[in-house]
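Hi,

Here is the structure I said I'd pass on. Have a look first, and my notes follow underneath.

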Amino acid sequence: MALLSPTGTRWLTAAVSVALVAASLSFLLTPASGESLRPVDFADTVDMGGTGVDARRADDEGFVLPRVEVFYSGYRYVVGYVGIETAASELGDPGAQRQFGDPLAVYVSDLSTVSPTLTEEGFVVPERGRSVGWTPAETAFYVVGSDAAIPSGSVTVAFSERADAESFADAHGGEVVDWEAVQSRVGDPLSARLDRFERSIESRHAWANDTVAAAEDAPIADENRDRPVSVVVGSDASAVPEDSRRSEGVASDPTVSDALAAAPPNTTVYLPAGTYDVDDVTVNRSVTLAGAGAETVLRGDDNRSVVYVRADGAAVSDLSITGVGDVGSRGRDSRNGSTDWDTTVQLAYGYGDAGVVLDGAAGASLSNVEIDTPASGVIVRESPASSIRGLTVRGADTARDGFMGVVLIGAPSVVADSTFLGGRDGVYTHRADGSVVRDNRAEPGRYGVHEMYTSESLVANNTVRDAQAGVMVMTRPVGNLIVANDVRESTYGVVPAGSDSYYARNVVVDNEYGLQIAGDRNVFVDNVALENEVGARANDILPSNWVQRNDIVGNERAVESGIGPLRTWSHGGVGNYWGALPIADGDGDGVYDRPYRPTGTVDSRIGAAPGATTLAQSPAVGTLRRVQGAVSGLRQSGVVDTDARTRPFHPETRAYLANETTGGEAA
């Protein structure tokens, strides 16, 4: 075993001393006995729960978001929760108490102060001129299972007076219970989530399969493209594939627009190979516009979108599109002067030029289309259950000059099996809750998949290279599933946001930052982070996430941690794999005998600084760890894994370690 050099000893000893002093200042001490803890302005809390849409709409429309404020003994900030269920779940999690200390005071929104009514959507509206007050959680009365809701789902509401709660339940349904009953409904928060998330992945994939099949007119795959041909553009009937001809014969027409106008519903307008100069092509009935493959080219006038689809069940397939206008984020229709936040975003992102625009076309299909565009490739506006697959979108050379491969706005759709080259983002979503983005490849200048105000979506099996970020989630969504994506050679691998979402089985390799740990009550499991400059980055000021069964190996720095309290990355005796560590596993159970601190002054230097291994095993540092574990005020901020594993969880890591041992390249 290597001995400490005098220089190494001085450096590490000084670092440990500085860390001890700094750690003692990381948390406020428990308030003195008798000190008053009263609710504060919710904007001054560190808050979690709810979505960006919840907050925006509540501000705009004036309805109530049920809220909770908690004062913890070991956390310097007041913690605010949107949703009483959210707070009850967090308070019932042993990990939260270990990180934040005991709850000293808990207050809930008191609807007894506002004489509430419900809108048609179930939103709680206070009586004009009255403000929602606060009441202690343990003495409040709760109505569960009523019609009360916020945009992201149903909610429990609280009253300081039992009579008010009973009156609300009589009017709007539900059951009146006390605080103990609310808390008793919360089980192990992680195990319940894991089961729910895995079921949700299966159901979202099943929905996507059904959506693609329906949009392409199942049961026969690609049936829309097999609709009988009614009109051939610029050719005679002999150009039509024999099995697609109508029994009564096929008409010929020289222009695409006239052909679409003449085609009966549920037929195909067929374009043989060739280049067609077009102006404002509109599919306004349930017909298929089909070409002979990439050799069929629709060429626009470089001044607008090329194809508009405005009919349910319409389809475009097997052709190429060029000549798209260059209006991107400005949006042609943004001149209406609207200042509403939602309309403004939709105009900015959804009304620029594109190769194809789906506008109010439910169940539409776009397949096997190549698009060269200086702006967006495809814009899908308010077109639920549409299928976008088999695309190749070639955008501008730089993100600054280009825009999105596919934009989804206002409704769920499927984007699958497509390739996005250049431009800004591969797939961008805005309030497209429930969408599925899967099996795509992107090499854009900015983000591979970019989700804004979008919840309950599935982003799975996408491959991203050379981007600013592989998967970027923003604006506090809930219930997203970010699964089995592969991001390499980028600035950021996966960047989360929001709450109650699932980040699992992603592989991030050779990025500046591999996996971000952020948001609240999100689950990060079974991810692999290899050979990044920083394997994982913890920047959640309120660490309420679960992090386990991840392999974080071979990175220049295992973890980078921002401000905030100590984050515990293990749950129920299951931690993560950090590579071979000079820590004993005395009982051979595959778990190291002491906690591992990848951001610790000593542990983070193992293998990098002379003597760090020896110091990590010294009695003095062992004593420091025990004291920090017992006294919250002395805990370092950063990350600790109390159940670090001695062996990797995942085949990708085992292959990487094997290649590293034999001198090969990383898997």
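Just past the end of α5, glycine 173 has a positive phi of about 80°. Keep in mind that this is a predicted model.

The helix itself is a good place to start. α5 covers residues 162-172 and lies across β8, β11 and β12, running at about 10° to β8. Its buried residues are Ala165, Phe168, Ala169 and His172. These four sit on the same side of α5, because they cover an arc of only 100° around the axis. What covers them includes β5 (117-118) along with β8, β11 and β12. On the face turned away from that buried side you'll find the exposed residues Ala163, Asp170 and Ala171.

Now the sheet under discussion. It is an open one with three strands in the order β11-β8-β12, paired antiparallel. β11 (157-159) and β12 (175-177) are at the edges with a single partner strand each, so each has one side without a neighbour in the sheet. On average, neighbouring strands here are turned by 30° against each other, direction ignored. Between β8 (residues 141-144) and β12 there are three bridges, and valine 144 has glutamate 175 as its bridge partner in β12.

Next, the nonpolar cores. The largest one has 74 residues, and the members that touch the most others are Val256, Leu289, Leu298, Val307, Val309 and Ile321. There is also a second, separate core of 25 residues, which includes Val68, Tyr72, Val79 and Val144. That last residue is the valine whose bridge partner is glutamate 175.

Back in the largest core, which residues does valine 307 touch, leaving out those up to four places away in sequence? They are Val281, Val283, Leu298, Val316, Ile321, Gly355, Val356 and Val357. As background, nonpolar side chains in soluble globular proteins tend to be buried together.

Finally, two backbone details to look at if you check torsions:

- Asparagine 266 is not a glycine, yet has a positive phi of about 60°. It is found in the loop between α8 (256-262) and β15 (268-271). Its relative accessibility is 45%, so asparagine 266 counts as partly exposed.
- Aspartate 439 also has a positive phi, near 60°, without being a glycine. Its loop is the one between β31 (436-438) and β32 (441-443). With 35% relative accessibility, aspartate 439 counts as partly exposed too.

Cheers

Methods:
Residues numbered from 1 in each chain as written. Predicted model: local features only at pLDDT ≥ 70, side-chain atom pairs only at ≥ 80, totals over all residues. Heavy atoms only, no water. Core = buried A, V, L, I, M, F, W, Y, C linked by side-chain atoms within 4.5 Å. Buried < 20%, exposed > 50% of the residue type's maximum accessible area, 1.4 Å probe, protein only. Contact = heavy atoms within 4.5 Å. Pairing = 2+ DSSP bridges. Axes fitted to C-alpha atoms, helices over the stretch in contact; angles between N-to-C directions. Arc of directions from axis to C-beta.
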